[in-house]
Amino acid sequence: MILKQFFIILAALFLGYSIVAVVNLPIPSNVVGLLILFIAMCIGIVKEKHVDKVSDFIIKYLAVFFVAPTVGIMQYFKLIGDKFFYIIGPLILSIIIGLFAAGATTQIIIQIMDKKRLSVGKKGLGGNDVK
Amino acid sequence: MLSEFFSMNPISGMLLTIGCYWIGHTIFEKTKLTILQPILTSSILIISFLMIADIPFEVYNEQNMLLNYILPLTAVVLAVPLYRNIHVMKKHAVPILAGVTVGTLATMGSLVIIGKLIGTSNRILVSMLPKSATNPIAIEVSEIIGGIPFLTVSLVVITGILGGILGPEILKLMRIKNEVAKGIALGSMSHAIGTVRAFKEGEVEGAMSSLAMAIAGTLTAILSPIFVLLI
């Protein structure tokens, strides 16, 4: 039922707002709401079928909600025009550095773990040979 | 004349948003080109219209309040794809978490260092900090750390497009060939747009990317208030 799904998602956001207000966290309420819903799903209080339809719809058209805020950039055209290279330079470089850091870290750790698994496997085989 | 007509009707802003997004979506579905993101085409169409018709942004934004009110909900529902991909997470938990964390720290750290070196103003640098997070998270983070949310949202879109177009080529140049690693890099740097691109590379890349996008977004939200102290 769509209404029930909407209620559960709204309830997670409600809890997020409440927690942030009480604890005074510098973290967005909707991120706390995301974590609450995720934990509730992992524990099993909320099942995937309780939230899937509304979530899939919102995620599919997520960008629609950000059209108006993106159009808001028109208020800052002058600021951006003056500072274009000060914005685009760090932006591109930090994306390249981040891509490399994330990709290389993941790849190296996977390689190390695979090697370990392989050497453990060899030891096992060696043991069998002795027998 | 057109401006008055537009302002008088409380529905015109939202009609324009949905209509232009529909056009953008149709173009994207036909071409499948990363640069023709529906959010980019629709925003350009709307900005051009508002400028030609001489309609202030405030008027247009006021008429989109219905969408703006539901906006915070869009982050909460990201829990669902995160939960769906939990099985991939279990298999490669250490490399995934390490990759996303190092990537997020590196991109935020290098942004601050490079920005400081060349003298980008503080307000702009703060607005740029959450650029790799998905927009539902980035817009709220920007507000909290004292950035310009409108600037952040646009930079998030640009980051997504740049990462989506250049990402796979850069990773190839850097000899990052592992499917898991490619997905993690694309998702943690260029959120949903990178994830669509990652699915073009392969099923594993796509699943990893959507996982990385949710984790990187959450991490960005937690780390931004700390990084902002360095600016």
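The dialogue below goes through several features of this predicted two-chain model and how each is read.

Reader: Before the features themselves, how are the residues, chains and local features of this model to be read?

Author: Residues are numbered from 1 along each chain as its sequence is written, while chains are lettered from A and ligands numbered from 1 in the order in which they are written. Since the model is predicted, local features need pLDDT of at least 70 and side-chain atom pairs count only at pLDDT 80 or more, whereas totals for chains, interfaces and linings use all residues.

Reader: Which elements make up chain A, and in what order do they run?

Author: Helices (H or I, at least four residues) and strands (E, at least two) are DSSP runs, numbered from the N terminus. Chain A has five helices and zero strands, and from the N terminus on its elements run α-α-α-α-α. The radius of gyration of chain A is 24 Å, well over the 14 Å that the globule rule gives for 131 residues, so chain A is more spread out than a compact globule; the radius is taken over C-alpha atoms, and the rule is 2.2 Å times the number of residues to the power 0.38. Along the principal axes, the C-alpha atoms of chain A fill a box of roughly 75 × 50 × 30 Å.

Reader: How many residues of chain A are in contact with chain B, and which helix of chain A gives the most?

Author: A contact means that the C-beta atoms of two residues, placed from the backbone, lie within 7 Å. By that criterion, 61 residues of chain A are in contact with 89 residues of chain B. Helices H1 (2-23), H2 (29-43), H3 (48-60), H4 (67-71) and H5 (77-130) of chain A each supply at least two residues of the side that touches chain B, and H5(A) gives the most, with 24 residues. That side of chain A divides into 44 nonpolar, 14 polar and three charged residues, where Ala, Val, Leu, Ile, Met, Phe, Trp, Tyr, Cys and Pro count as nonpolar, Asp, Glu, Lys and Arg as charged, and the others, Gly among them, as polar.

Reader: How do H12 and H13 of chain B pack?

Author: Two packed helices are described by the angle between their axes and the distance between the axes. Axes are lines fitted to C-alpha atoms, for helices over the stretch in contact, and angles run from 0 to 180 degrees between N-to-C directions. H12 (residues 149-173) and H13 (residues 179-201) of chain B pack at an angle of about 85°, with their axes 8 Å apart, and H12(B) and H13(B) are therefore roughly perpendicular to each other (under 35 degrees is roughly parallel, over 145 roughly antiparallel, 65 to 115 roughly perpendicular and the rest oblique). Their contact has eight nonpolar, eight polar and three charged residues. H13(B) also packs with H14 (residues 203-227) of chain B, at an angle of about 80° and with axes 6 Å apart, and this pair is likewise roughly perpendicular.

Reader: Where does A:Asn24 lie, and is it buried or exposed?

Author: A residue is buried if 20 or more other C-beta atoms lie within 10 Å of its own, exposed if 12 or fewer, and partly exposed in between, with C-beta atoms placed from the backbone. A:Asn24 is in the loop between H1 and H2 of chain A, has a phi near 60°, a positive value in a residue other than glycine, and counts as exposed with 7 C-beta neighbours inside 10 Å. In chain B, B:Asp54 has a positive phi of about 60° although it is not a glycine, and B:Asp54 is exposed, with 9 other C-beta atoms within 10 Å.
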